[in-house]
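Q: Please take a close look at one part of this structure: the surroundings of the ligands. Keep it simple.

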Amino acid sequence: MEALQAEAKIYNPIRPFPLILRDDEFNMIAQAQDADIFNLSKEDQGFAKEVIGKSGVNIHMCWHCKTCSGGCPFSDAMDFFPNQIIRLVQLGMKDEALESSTIWICVGCHTCSVQCPQAIDIPAIMDVLRQMAMAEGVKVAQPHILNFHKEVVNSIRRHGRTHKLEIMMRYKLSKKDWFADMDVGLKMLQKRKLDLMPSKIKRISEIRQLYKKEREKDAN
Ligand code: SF4
Ligand code: SF4
C-alpha cells in the first residue's frame with residue numbers, strides 16, 4: 001500500500017489510471033493523489049466525502065476521460081463541463097461547484113452516465129449539489145430553472161400529476177416573460193398537447209401525505 005501511495009504522487013492528476021488496478025487500489029491512489037498533490041485541507045476533503053455519502057456515487061472512480069462532457073446535449077450552455085464538476089468536488093472547491101450554472105442546467109437525462117466507462121451516476125451528483133446549494137442558501141446561478149422545478153413539484157402536490165399549462169403559466173408569471181415561446185404554446189394547444197383543466201389522481205391525499213412527511217423531515 002505504501003508503495004502505491006508513493007507511486008500516486010508521480011501520476012498526472014487528469015491522466016486515466018491503468019485498468020489493472022482494483023477499485024480499492026484506484027480509490028486509495030485517487031484520494032492520496034488529490035490530498036497530497038493539491039495539499040487538500042480536511043475541510044476540502046470533507047466536501048467530497050459529503051457528496052459521496054449523499055449521492056452514493058464514488059467520484060474517485062472518475063478517470064476524467066471526458067466522455068460524459070462530450071455526450072452531454074447541454075454542455076454548451078454550462079459554465080463547467082460535467083467532468084469538471086466532478087473535479088471541483090474531488091478538489092473540495094465547494095463554492096465553485098455550488099455556484100455553478102451546470103448543476104441547474106443538467107436535466108438528469110443520463111446521456112452521460114450510460115456512456116461513462118466507470119458507470120458514474122452524474123445526475124445523482126448534480127441532484128445532491130442542487131440540494132446542498134439550496135440548503136446552504138447559495139445564490140442560485142439559474143433562478144428561473146429553480147422556479148420551474150418548484151412549479152413542477154407544486155403541480156404534483158396539487159393534482160398528483162403535472163398540469164403542464166398551469167406550470168407554464170406560473171413559470172411565465174415568475175419570469176414576467178409572457179410572449180417568448182408563445183407560438184410553441186399555441187401549437188401545443190392546437191395539437192391538444194396541453195390540457196386546459198388539470199386532472200387529479202384518485203388518492204391525492206396519499207401524495208399530500210408524502211409531501212407533509214418530507215416537510216417534517218426538513219424541519220427536523
Ligand atoms: S465519462 Fe465517467 S469516467 Fe469519464 S470523465 Fe465522465 S464521469 Fe469521469
Ligand atoms: S444528465 Fe445532465 S450532465 Fe448528464 S448528459 Fe444529461 S444534462 Fe448532461
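A: Here is a walk through the two ligand shells, with a stop at one helix.

The model is predicted. Start with ligand 1. Its shell holds 14 residues, and those that come nearest are Cys62, Cys65, Cys68, Asn83 and Cys116. Two helices, α4 (67-71) and α5 (82-90), supply at least two residues each to this shell. Sorted by class, the shell around ligand 1 has nine nonpolar residues, four polar ones and one charged one.

Now look at α5. This helix is mostly covered, with eight of its nine residues buried. The buried residues are Pro82, Asn83, Gln84, Ile85, Ile86, Leu88, Val89 and Gln90. Note Asn83 in that set. Asn83 also belongs to the residues that come nearest to ligand 1. After α5 comes Gly92, which has a positive phi, near 70 degrees.

Move on to ligand 2. Around ligand 2 there are 13 residues, and Cys72, Cys106, Cys109, Thr111 and Cys112 come nearest. The elements that give two or more residues to this shell are α8 (111-115) and α9 (122-135). Of the elements, α9 gives the most, with three residues. By class, the shell around ligand 2 has 10 nonpolar residues, three polar ones and no charged ones.

Finally, set the two shells side by side. Around ligand 1, one residue is charged. Around ligand 2, none is charged. Cysteines appear among the nearest residues of ligand 1, including Cys62 and Cys65. They also appear among the nearest residues of ligand 2, including Cys106 and Cys109.

Technical notes:
Residues numbered from 1 in each chain as written. Chains lettered and ligands numbered in written order. Predicted model: local features only at pLDDT ≥ 70, side-chain atom pairs only at ≥ 80, totals over all residues. Near = placed C-beta within 6 Å. Helix = DSSP H or I, 4+ residues; strand = E, 2+ residues; numbered from the N terminus. Nonpolar A, V, L, I, M, F, W, Y, C, P; charged D, E, K, R; others polar. Buried ≥ 20, exposed ≤ 12 C-beta atoms within 10 Å, placed from the backbone.
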